[in-house]
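Me: I would like to learn how to read a protein surface that faces DNA. Could you take me through one case?

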Protein chains: 2
Amino acid sequence: MAVTIKDIARKVGVAPSTVSRVLSNKSKYYTSETAEMVRNAAKELGYKKNQAAVELVKKRSNVIAAVVSSVKTNFAEQIIDGIQQEARQNGYNLIIVYSGSADPEEQRHALLTAIERPVMGILLLSIALTDDNLALLQSSDVPYCFLSMGFDDDRPFISSDDEAIGYQATKLLINKGHRKIGIAGIDQYPYTGRRRLEGYKKALKEADITVSQDWIQPGDYSYASGEAAMKAFGKHTELTGVIAASDMTAIGVLNQANSFGIAVPTDLSIVSIDGTEMCNITRPQLTSISQDFFQMGVIGVQMLQQSVADGSERVDSQQFLPVSAVNRKSVRTLD
Amino acid sequence: MAVTIKDIARKVGVAPSTVSRVLSNKSKYYTSETAEMVRNAAKELGYKKNQAAVELVKKRSNVIAAVVSSVKTNFAEQIIDGIQQEARQNGYNLIIVYSGSADPEEQRHALLTAIERPVMGILLLSIALTDDNLALLQSSDVPYCFLSMGFDDDRPFISSDDEAIGYQATKLLINKGHRKIGIAGIDQYPYTGRRRLEGYKKALKEADITVSQDWIQPGDYSYASGEAAMKAFGKHTELTGVIAASDMTAIGVLNQANSFGIAVPTDLSIVSIDGTEMCNITRPQLTSISQDFFQMGVIGVQMLQQSVADGSERVDSQQFLPVSAVNRKSVRTLD
DNA sequence: ATGAAAGCGCTAACAC
DNA sequence: GTGTTAGCGCTTTCAT
């Protein structure tokens, strides 16, 4: 039998409620003497709070749940680091639950794992929720916020501006003299790939460059997408630059280019999107449009906190974080 | 106010206990008619089970907690995939909590986040717990098991045999004619690095090769460790093969070798340890001693289940999973 | 400052 | 098969 506040109360000779007050630091309602006795007894008995009981009566916990998709890109780790740091600093605990990004049933399970206990808030990392599951989430009255994914309805999110990403990546290449620029591995999903594509087209249009349809090779942000895209561009491609949908995609493009005997950046320049550590372990290192993933996590927690503080039970904020071009070694200036 | 079983009971006109029975699938104790009415009402009202209440009375939940360290190697994802799959298949939910691998205070927090609710079991992924925190874990009466880390006391674990790994990696190189073999990025931690080193030395000894002290470059399994080790071996190293502590370390070695103008595998062969996807995205692809991380997760869940089933409340098993050499392109046969 | 008592939402005997 | 009842361990009025 686990030790409870009753055991402590009995041992010290006070009422359970007093023990509760001490252990919850309701500092106005006990003397330091009782406090010390209680704390000693608690330690001696090896007392551990039963959170289930606490949550049952308080109907709220200090736990933040992060729902992450198990897609094989690695930026999630940076977001989680940001969440973790900010959560810890503010006295919250973090639990993470996995969900395949697509399967609705798995999404639902992940969501329920989080919702079925009174968490303080929920953060969703690049999860494309089905309508049913979104409704489920909303019905739970727990504040939530999407991270690394933007929407054009009124769902709260914190994300990079995907159009800006596409635009800046393209612009970077154009500014270095490139005019034939491909884009690899972007998906067709309305809220990310499509917006990046729009940015890409906008920059091209501004420079009076006509896009050829085969410059655009869709995919799913994976390494394989990068390889496939480069294969489609071909050994004798007219392209002098390509934008990759993610760091892993960029590595796929790079490797396939090498297999073709195309030297990067001499024959072909690559701009990656994300800017994770992967960019530093390739040869050449990958120039990228980098996102501030860590900060996304930090702000996500702050949004949750705020909506709890003002009692709104709902995050009301859609924000884009700035992105930045990081020049490494994979882009060459054309003369 | 959230909807409870009482609300459903009132609506349907039955007792709360009947609702409970239906919703918990105690199938012998209700008719299919009541069941249907109850389920309909539940759906209509948007009922969601309050797990805190369930856990309070049952003192056990269907949640498995995985404690992971935020070290920057990527095998954890594979273990988690294994845990997740096996957990789902057996009706368990998985929550993950992060802990820096070293900081005792952070470890403690992570542990408490898991322990403070009645989880079904705890899996620890390559976490080196301090003595205090181990005691804390043991005091919780929840079955636990370490994954990807072995011990010489009686703690339950599932891991690869690190000595076998070191031995096989070395043997692989020896069998291909190598005799001057370095080892890079291994740590001094008694339960992993040291055992791999022992395997390395054993294989060398069997082949009557005398180890030179500067063949052994310690580190922390990181990319940087690989770079540093290769720098220490030097541009004009006598080594013809090196074993890397992890895939990321191997990439560090590879890149630094290239910087030196040393061609892999022509001038230098590399054997990596782990065998994650990283091995496939380098050029050349990395030959590795691969661990079955996915299976570690699967078996971990099974061990937990078993110890719950037999009421022992304690996993009693220390097992090594087989490892396998996967030949890719980074090892050359010497003549 | 402390105690007594009620109750959070659910499950599990125990009756019938 | 279903209702009744008694808690699970904690927090929180309400007294004192």
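**Reading the DNA-facing surface**

Reply: Start with the residues around one strand. In this predicted model, DNA strand D is surrounded by 29 residues, and the closest are A:S20, A:Y47, B:S17, B:T18 and B:K59.

Me: Which parts of DNA strand D come within 4 Å of the protein?

Reply: Sort the strand atoms into backbone and base. For DNA strand D, sugar or phosphate makes up 63% of the atoms within 4 Å of the protein, and bases make up the rest.

Me: Which polar contacts should I look at on DNA strand D?

Reply: Ask two things of each pair: whether the protein atom is backbone or side chain, and which part of the DNA it meets. A polar backbone atom of B:A15 is 2.7 Å from a phosphate oxygen of DNA strand D. B:S17 places a polar side-chain atom 3.1 Å from a base oxygen of this strand. A:A53 has a backbone N or O atom 3.4 Å from a base nitrogen of DNA strand D.

Me: Which element gives the most to the surface near DNA strand D?

Reply: Map the residues onto secondary structure. The element is α4(A), with four residues. At least two residues each come from α2 and α4 of chain A and from α2 and α4 of chain B.

Me: How do the residues near DNA strand D divide by chemical class?

Reply: Count by class. There are 12 nonpolar, 10 polar and seven charged residues on this surface.

Me: Now the other strand. How many residues surround DNA strand C, and which are the closest?

Reply: Repeat the steps. DNA strand C has 29 residues around it, with A:A15, A:T18, A:K59, B:S20 and B:Y47 the closest. Of its atoms that come within 4 Å of the protein, 69% are sugar and phosphate.

Me: What are the polar contacts to DNA strand C?

Reply: Use the backbone and side-chain split again. One of them joins a backbone N or O atom of A:K28 to a phosphate oxygen of DNA strand C, at 3.0 Å. On the base side, a side-chain N or O atom of B:R21 is 3.5 Å from a base nitrogen of the strand. A backbone N or O atom of B:A53 also lies 3.4 Å from a base nitrogen of DNA strand C.

Me: Which helices supply the surface near DNA strand C, and which gives the most?

Reply: In chain A, α2 (16-23) and α4 (51-58), and in chain B, α2 (16-23) and α4 (51-58), each supply at least two residues. The most come from α4(B), with four. By class, this surface holds 12 nonpolar, 10 polar and seven charged residues.

Terms used
Residues are numbered from 1 along each chain as its sequence is written. Chains are lettered from A and ligands numbered from 1 in the order in which they are written. This is a predicted model: local features need pLDDT of at least 70, side-chain atom pairs count only at pLDDT 80 or more; totals for chains, interfaces and linings use all residues. Side-chain values use heavy atoms; hydrogens and water are left out. A residue is near a molecule or strand if one of its heavy atoms lies within 4 Å of it. A polar contact is a pair of N or O atoms within 3.5 Å; within protein, one must be able to donate a hydrogen and the other to accept it, and residues adjacent in sequence count only if both atoms are side-chain atoms. Ala, Val, Leu, Ile, Met, Phe, Trp, Tyr, Cys and Pro count as nonpolar, Asp, Glu, Lys and Arg as charged, and the others, Gly among them, as polar.
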